[in-house]
Amino acid sequence: MSTVAGVADGDAALLQLGGALQASGYRFTTVTPATHARVNGRAGNEWARSIADVFGWSRPFRSGLLATEWVDWMDAAGVLDTHEDGWRSAIRFSTLAGSLYLHSAYPTTAADSVFFGPDTCRFGTAITAHLAAGHADVRRAVDIGCGAGPGALLVALARPEAEVVGVDINEQALRYTRLAARLAGATNLTTQRSDLLSAVAGQFDLIVANPPYLLDPGERVYRHGGGGLGEGLSLDIATLASTRLAPGGTLLLYTGTAVCGGIDRFHDLVAERLHGSSVDWHYRELDPDVFGEELLEPAYAGADRIAAVLLTVTRSRV
């Protein structure tokens with residue numbers, strides 16, 4: 001098995017596997033966990049019959065479906081789990097805007113799971129639209145809670161002259177972000193372990209973030225937002241805009257909010273936090289109803305719905 005220069009053996013194997021998937025024309029759009037469960041639960045979907053079944057739908061597979069070299073790469077990377085008389089991949093690969101991303105296999109039950117899904121696609125669309133609107137002056141950017149790396153990578157590819165940093169408290173997320181950057185050829189993207197921006201100095205022309213915004217009983221880092229109804233982490237990020245944005249810089253915060261009795265709690269709390277600061281902000285609801293299954297949880301007994309929203313904060317140039 002060949003290696004990749006300057007990369008640890010496990011990462012080298014994942015890069016070789018990812019490169020092979022790219023060469024094969026692999027494409028996969030990751031759906032919500034509820035949809036994933038329904039599709040995998042259909043008769044005939046118990047075992048994988050295609051590459052996408054293995055690396056997208058997280059279905060077990062038997063010998064002969066994948067090339068021997070691919071199975072060897074998975075084994076070398078430590079992502080080949082046994083399942084009955086076959087195996088299962090411990091990671092998934094998803095595609096977005098032409099790039100390939102590694103993230104956790106379904107179901108994402110581990111404490112260090114790395115999320116990717118429909119929220120990621122909406123987050124990416126918001127970033128792409130912002131950059132396409134002529135906001136070209138990005139010398140330094142950061143993706144807070146970078147996860148699999150889509151936010152950071154979209155910025156890095158669109159602004160190759162910029163210094164882009166992906167930060168997260170999850171080492172697995174930082175690893176997957178580095179691998180995605182390597183697969184995409186983005187040499188201007190680096191990673192840093194940091195709780196929000198505590199370990200990263202200076203100001204940024206662009207801050208992007210897609211933080212966890214649910215109340216998770218297990219407090220898994222990729223889901224649990226804290227606060228009263230999951231808005232705690234998002235509020236902390238919004239507050240950073242007044243001090244960590246460079247003059248004229250912008251924060252794009254894609255998050256979710258629990259709407260209770262017609263009142264958007266996060267909107268009202270953001271208004272309180274940003275009142276009187278040297279920023280302009282715009283708030284837009286992108287999807288009125290996401291993660292509806294969460295309304296069955298006791299924490300959301302008083303919620304009408306959970307909406308996906310985009311908060312755009314721009315710091316004054318003076």
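A salt bridge is a side-chain nitrogen of Lys or Arg within 4 Å of a carboxyl oxygen of Asp or Glu. Keep that cut-off at hand for the exercises below, and remember that the structure above is a predicted model.

**Exercise 1.** Find out what joins the side chains of aspartate 287 and arginine 122, and where in the chain the two residues sit.

*Solution.* Start with the distance: N to O, the pair is 3.4 Å apart. The cut-off is 4 Å, so aspartate 287 and arginine 122 form a salt bridge. Next, locate the partners. Aspartate 287 belongs to strand E11 (residues 279-287), while arginine 122 lies in helix H5 (residues 118-132). They are 165 residues apart, so this pair links distant parts of the chain. Now look at the surroundings of arginine 122: its relative accessibility is 23%, so it counts as partly exposed. Finally, see whether the pair has company: shared partners join Asp119, Arg122 and Asp287 into one network of salt bridges. A search of the whole structure finds twelve salt bridges.

**Exercise 2.** Arginine 265 and glutamate 231 meet in a salt bridge. Decide for each residue whether it is buried, partly exposed or exposed.

*Solution.* First, the bridge itself spans 3.2 Å from N to O. Arginine 265 is in helix H10 (residues 265-274), and glutamate 231 is in the loop between strand E8 (204-209) and helix H8 (232-239), 34 residues apart. Then apply the limits: buried is under 20%, and exposed is over 50%. Glutamate 231 has 6% relative accessibility, so it is buried. Arginine 265 has 35%, so it is partly exposed.

**Exercise 3.** Do the same for the salt bridge between aspartate 236 and arginine 273.

*Solution.* The N to O distance here is 3.9 Å. Aspartate 236 in helix H8 and arginine 273 in helix H10 are 37 residues apart. Aspartate 236, at 35%, counts as partly exposed. Arginine 273, at 42%, is partly exposed as well.

**Exercise 4.** Describe how helix H1 (residues 9-23) packs against helix H4 (residues 68-77).

*Solution.* Begin with the axes, which come within 8 Å and cross at roughly 150°. Angles over 145 degrees count as roughly antiparallel, so that label fits H1 and H4. The crossing of H1 past H4 is left-handed. Next, list the residues in contact. H1 supplies Gly10, Ala13, Leu14, Gln16, Leu17, Ala20 and Leu21, and H4 supplies Trp70, Trp73, Met74, Ala76 and Ala77. Last, sort them by class: ten are nonpolar, two are polar and none is charged.

Definitions and conventions. Residues numbered from 1 in each chain as written. Predicted model: local features only at pLDDT ≥ 70, side-chain atom pairs only at ≥ 80, totals over all residues. Heavy atoms only, no water. Helix = DSSP H or I, 4+ residues; strand = E, 2+ residues; numbered from the N terminus. Buried < 20%, exposed > 50% of the residue type's maximum accessible area, 1.4 Å probe, protein only. Axes fitted to C-alpha atoms, helices over the stretch in contact; angles between N-to-C directions. Parallel < 35°, antiparallel > 145°, perpendicular 65-115°, else oblique. Left-handed = near helix turned anticlockwise from the far one by under 90°. Contact = heavy atoms within 4.5 Å. Nonpolar A, V, L, I, M, F, W, Y, C, P; charged D, E, K, R; others polar.
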